[in-house]
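Welcome! Here are a few short exercises to work through with the model open beside you.

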Amino acid sequence: GVPGDDVKSACCDTCLCTRSQPPTCRCVDVRESCHSACDKCVCAYSNPPQCQCYDTHKFCYKACHNSR
């Protein structure tokens, strides 16, 4: 299936998945903000901010560097 519209802007360059079935995947990109589809966003109080999304999914988002 195709995720909702807010996920279209979501992307991930470094995605780690477990070897379980189904896999549990998490994006470990560190960026200035989390993507729009992220629920659990944790940011370090630095300048610029360093944010990571702690959501887990059964899939990985598309790579960010393809969507510029």
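**Exercise 1.** Which strand gives the largest share of the lining of the second largest cavity?

*Solution.* Some ground rules come before the steps. The model is predicted, so local features need pLDDT of at least 70 and side-chain atom pairs count only at pLDDT 80 or more, while totals for chains, interfaces and linings use all residues. Residues are numbered from 1 along each chain as its sequence is written, and side-chain values use heavy atoms, with hydrogens and water left out.

Step 1: fix the terms. On a 1 Å grid over the protein atoms alone, a cavity is a set of points where a 1.4 Å probe fits but cannot get out, and lining residues have an atom within 4 Å of a point. Strands are DSSP runs of E with at least two residues, and helices are runs of H or I with at least four, numbered from the N terminus.

Step 2: list the lining. It consists of C12, C15, C25, R26, C27, H35, C53, D55, H57, F59, C60 and Y61.

Step 3: assign it. Strand 2 (residues 25–27) supplies the largest share, 3 residues.

**Exercise 2.** Describe the largest cavity by volume, lining and residue class.

*Solution.* Step 1: count the cavities. There are 2 of 30 Å³ or more; a volume is the space filled by probe spheres set on the points, with grid points joined across faces, edges and corners.

Step 2: take the volumes. The largest cavity has about 70 Å³, and the second largest has about 60 Å³.

Step 3: read the lining. C11, C27, D29, R31, S33, C34, H35, C51, Q52 and C53 surround the largest cavity, and strand 4 (residues 50–53) gives the most, with 3 residues.

Step 4: sort by class (nonpolar: Ala, Val, Leu, Ile, Met, Phe, Trp, Tyr, Cys and Pro; charged: Asp, Glu, Lys and Arg; polar: the others, Gly among them). The largest cavity has 5 nonpolar, 3 polar and 2 charged lining residues, and the second largest has 8 nonpolar, 2 polar and 2 charged.

**Exercise 3.** Work out how strand 4 fits into the fold.

*Solution.* Step 1: write the order of elements. The protein has 0 helices and 4 strands, which run β-β-β-β from the N terminus on.

Step 2: find the partner. Strand 3 (residues 41–44) and strand 4 run antiparallel, joined by 4 bridges; strands pair if DSSP finds at least two bridges between them. A44 has Q50 in strand 4 as its bridge partner.

Step 3: trace the connection. A hairpin leads from strand 3 to strand 4 through 5 residues.

How values were computed: 1 Å grid on protein atoms, 1.4 Å probe; cavity = no way out; pocket = protein on both sides within 12 Å on 5 of 7 lines; lining within 4 Å.
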